[in-house]
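Reader: Hello! I have just started learning about protein structures, and I would love a close look at a single part of this one. Could you walk me through a small sheet and then show me where it sits in the whole?

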Amino acid sequence: MIPISKPTITNKEIKSLVDVCKSGLLVQGAKVEEFENAVAKLCGVKYAIALSNGTAALHTALYAAGIGHGDEIITTPFTFVATANAILMQGAIPVFVDIAPETYNMDPSKIEEKITKKTKAILPVDLYGQIYDVEALQKIANTHKLKIIEDACQSINASYKKQMAGSCGDAGCFSFYATKNMMTGEGGMIVTNDKKLTTIAKQFRSHGQPEHIRYEYFHLGYNYRMMDLVAAIGLVQLDRLETFTKNRIKNAALLTKGLADIPGIIVPTVMKEHRHVFHQYTIRVTNPFPLDRDQVAQYLNKRGIGTGIYYPKPLHLYSHLAKYLFKRDVFPISEQFSHQVLSLPVHPLVSRKDIHHIIKTIRNIYEKN
Ligand SMILES: Cc1ncc(COP(=O)(O)O)c(C=O)c1O
């Protein structure tokens, strides 16, 4: 089976982990700080705050940016549920706008009609590994004095012009979940140039305690800390990230070369001046392709090719989020695409031979039907 994702762990990660185990210093400490500094450097920002996972990073970033009860946050319905749940965790209201068909990211032309007096921030997602429309959103945010909190959970090492993923708004949030482009099992990080946001975020991740002062609580907080054990893996993965990224981009280019001319198969679009890091390589299965998306997935799975559906249902169709919709809200592109998207294996362990097998199998469906 060619799996849809697989973490790559070498002796380097294992040694780094064992070293921390032997040191006896397991929880948040020097390794976490080293990891934070290294991620900040990669992103070209002043500060990084390590957290227990990407959801905690989003929640913490919203809290530290001053988002609270009743504030409206504009976001996309075509994402993982954590994006919107983090907004709800702050008592704020997710206000959805539909996606642009070429990028799967929020459509900037649909944002301004959703801005009200209660709107405080935009929360774009860099879906599948391509950064949102930075210039358009920055313009809207500047005009309406809104913050941008970037959900960069899928896009570490992506860039737009010279800006790195995570650094394109007031704060950016990464996930290091096991399937991500670099991983620590579970893990997350905020990156930002905002000192005040950094101070509050560091307190929030540790019960509201200021750094280095125990049992003093400045405000509400959680236990969202990262362990040194986790950071030890992260540091090694970060060293390998550029190689991982290049392999993903190479695999994506081969897939596109082999699939782009098949009628009904829509391959991903890499926007001008973007570096898409292909967390997912997602095609759409549309008319006139002879099988529908679910039939293609089944066909591939039977022939040893793992697939993923990201995402089978846009968020506004889940009951805990549907109640926040404005009356006439519709998201036709997200709804249509949720029936068409199919992600194919693109991770660094996918070989050239695997890619040829995937292309040949999909071409066979078209040629035999
Ligand atoms: C777009 C997006 N947002 C948020 C998250 C949440 O990250 P985590 O699973 O590390 O909490 C993920 C990853 O799963 C994601 O893909």
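Author: Happy to! Let's begin with a term: two strands count as paired if DSSP finds at least two bridges between them. Strands of a sheet pair through backbone hydrogen bonds, and they can do so in a parallel or an antiparallel way. Keep in mind that this is a predicted model.

Now for the sheet itself. Three strands form an open sheet in the order β7-β6-β11, and the pairing is antiparallel. At its edges are β7 (163-164) and β11 (274-275), each of which pairs on one side only. Look next at β6, residues 159-160: two bridges join β6 to β11, and these strands run antiparallel. You can find one bridge by eye, since Tyr160 has His274 in β11 as its bridge partner.

Let's step back to the whole chain. The protein chain is divided into domain 1 (11-237) and domain 2 (241-368), with C-alpha centres 25 Å apart. Their contact takes 30 residues from domain 1 and 27 residues from domain 2. On the domain 1 side, our strand β6 supplies at least two of these residues, as do α4 and β3 (93-96). The strand β3 gives the most to that side, with three residues. Sorted by class, the domain 1 side has 16 nonpolar, ten polar and four charged residues.

Finally, follow α4 (81-89) to the ligand: both α4 and α3 (54-64) supply at least two residues each to the shell around the ligand. Of the 14 residues there, Asn53, Gly54, Thr55, Cys153 and Ser175 come nearest. By class, this shell has five nonpolar, eight polar and one charged residues.

Terms used: Residues numbered from 1 in each chain as written. Predicted model: local features only at pLDDT ≥ 70, side-chain atom pairs only at ≥ 80, totals over all residues. Helix = DSSP H or I, 4+ residues; strand = E, 2+ residues; numbered from the N terminus. Near = placed C-beta within 6 Å. Nonpolar A, V, L, I, M, F, W, Y, C, P; charged D, E, K, R; others polar. Domains from an automatic or database assignment. Contact = placed C-beta atoms within 7 Å.
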